[in-house]
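Here's a quick tour of a couple of helices and how they sit against their neighbours. Have the model open while you read.

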Amino acid sequence: MTEPLGVAMQLITDHLLEGRPVPGEEIALRVDQTLCQDATGTLVMQELDALGLDRVRTELSVQYVDHNILQSDERNAEDHLFLRSAAHRFGLWYSKPGNGVSHPVHMQRFGVPGKTLLGSDSHTCAGGALGMLAIGTGGLDVALAMAGEPYRLTMPQIWGIRLVGRLPDWVSAKDVILELLRRHGVKGALHRVLEYHGPGLAQLTAMDRHVIANMGAELGATASVFPADDAVRAFLAAEGREEDFRRIAAEPGCHYDLTDRVDLSDLEPLVARPSSPGNVVPVREADDTPVGQVVIGSSANPGLRDYAVAAAMVHGRQTSAELSFDVNPSSREVLQDLLRSGAAFDLIAAGARIHQAGCLGCIGMGQAPAPGRNSLRTFPRNFPGRSGTLDDSVWLCSPETAAASALTGRITDPRAWALREGVEPPELDPPERACVNRLMLEAPLPPERAETVELVRGPNISALPELDPLPDELTAPVLLKTGDNVSTDEISPAGAKALPYRSNLPKLADFTFTRIDPDYPARARETGAHLVVAGDNYGQGSSREHAAITPRLLGLRAVLAKSYARIHWQNLANFGVLALEFADPADYDRIEPGDRLTLAGLHRALADDANGHLTARNTTRGEEYRLTHRLSPHQRRAVLAGGTIPALAARTARNAA
């Protein structure tokens, strides 16, 4: 008799190609679908070209344009032309600028219960709302999956989260995930898959679940998984895709490695204070804090309901003259539904600025707030400087809290606002059929036409760098020492200044670490080979592999950290940077910038049969530190070769010999 399985284990075993699904062991999974967005996709397409791919091997792959959609000069437009030509050449769907954010659009048009989805965006985990195993990772991993390679990862623990009760009035799905962040912090789900179950699910629509699954990335989770039930069927029916529905449920008596319980009835409106998604408190504790900007939208609150509830709250009222009230529709479909229902009129009449459908302010591409003023957003992240303003003060909240605060000009508990104004919770009547719009999607070209397409490379699109192998002994200075929870936004910033250079790696390198140390790029170019020392959870946040590539271009060969965020750790290996951890975290405090460290016997330490231990000698201080690594045999070979692409080239040459 086989052991009963939960939803996550069913999805993993259905796609398992290599390894045992035992936490801590490496496994390889078959990938059904992939997605890329434009801030990461240009590199993915260059990687496909470098791999010599003729056509993608997945069931379905999509290239979205949703990040770099402000065209203040020619660079973003060049990227879009390149991405469209690459989609045509390699057989991908292409989602045009203005069609919307990749995650909700993929859910609307392509998400299928029971499938695996790999995306070069950390919030790809939102796809778990439909009963998919959806994982965000670095672009090179996605390129390899598109070329037919399995996706390799460390088997995570499965964390069963039982939902009971019903959400109170003025509390919504955003408050559910903020509650988990309040409890567990930004690394609480590292190397874990969150599986939601229990009677509380009955109240949550598929898009409510998207909100929760999306921000699993902020907990550090590998994926977030929901069952495919009647809520998923209703969503797909509204999208005209009910034939794609497949019921998937946890088998009675299934085992979870860890458990948690959330009574929805006990929740209240929550807010994440600056500058971490894990810095969560009840809204009532931040009550009356002045606000200079309120923004509704993003992949974290993308559903029609999230805009409609805000529209109902501001209907017939005026938002505060002290602030800017911005609305970013998550998809063209949602924008059309807002127009059809009249909700867009209510928002505009109340003072809202309606922007195009895309990520925009979420990654600092416009809507940068004024320094010294609080910005309240329904976004997933509030890392320092991510908004595009260096000295920003960004808070994260639900649409209900955002709308109430927009009306008062102060952070406001929507329950208190409703009581003062005598307002009942709005009764929303969603349409049975969404305004499905396929005109902004281009289907893959047939193979005979695709093979004639030439890639359109503008002058802002650089070639991939050639990466040299790791030496057996490395003596180099510590050029930078960082604290805990350094994000990829701080390593390779987003924003309107940097993002247009996503395809121009030498130029993008000029922005590396500048939010921490403005002189780092110049010192790194002068120094050459160097090291970085970091605290806990190094590289949290975005999946952008630029945060591994540009330091590598500037000479970074190894990072010594207390611990790593999952995706960045993988990206470092993909581009030949050795990711090491302190065996004794206290050794972190003994190293200072400028110290010279020697790492010897690296080739032996990275051999397949090595135990993962090595020693760093601080020649400046006359000290030694024990280090470990958790690299799999595949990752070890990549680091030794200088990166995954050189390792693949070497493997191909050996096979041809």
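## Two helices, side by side

Just after α13, G422 takes a positive phi of about 65 degrees. Keep in mind that this is a predicted model.

Now back up into α13 itself, which spans residues 414-421. Its buried residues are P414, W417 and A418. Why do they end up on the same side of α13? Because they cover an arc of only 95 degrees around the axis. That fits the usual geometry: an α-helix has 3.6 residues a turn, so residues three or four places apart point the same way. Flip to the other side of α13 and you'll find L419 and R420, both exposed. What do the buried residues of α13 pack against? Their partners are α9 (304-314) and α12 (399-408).

Next up is α8, covering residues 230-238. Here V232, F235, L236 and A238 are buried. These four lie on the same side of α8, because their arc around the axis is only 160 degrees. The buried residues of α8 pack against α4 (102-109) and α7 (206-214).

The ends of α8 are worth a look too. At its start, a side-chain oxygen of D229 comes to within 3.1 Å of the backbone nitrogen of A231. After α8 comes G240, with a positive phi near 75 degrees.

Here are the two buried sets together:

| Helix | Buried residues | Arc around the axis |
|---|---|---|
| α8 (residues 230-238) | V232, F235, L236, A238 | 160 degrees |
| α13 (residues 414-421) | P414, W417, A418 | 95 degrees |

Terms used: Residues are numbered from 1 along each chain as its sequence is written. This is a predicted model: local features need pLDDT of at least 70, side-chain atom pairs count only at pLDDT 80 or more; totals for chains, interfaces and linings use all residues. Side-chain values use heavy atoms; hydrogens and water are left out. Buried means under 20% relative accessible area, exposed over 50%, partly exposed in between (1.4 Å probe, protein chains only). Helices (H or I, at least four residues) and strands (E, at least two) are DSSP runs, numbered from the N terminus. The arc is that of the directions from the helix axis to the C-beta atoms. Contact means heavy atoms within 4.5 Å. A polar contact is a pair of N or O atoms within 3.5 Å; within protein, one must be able to donate a hydrogen and the other to accept it, and residues adjacent in sequence count only if both atoms are side-chain atoms.
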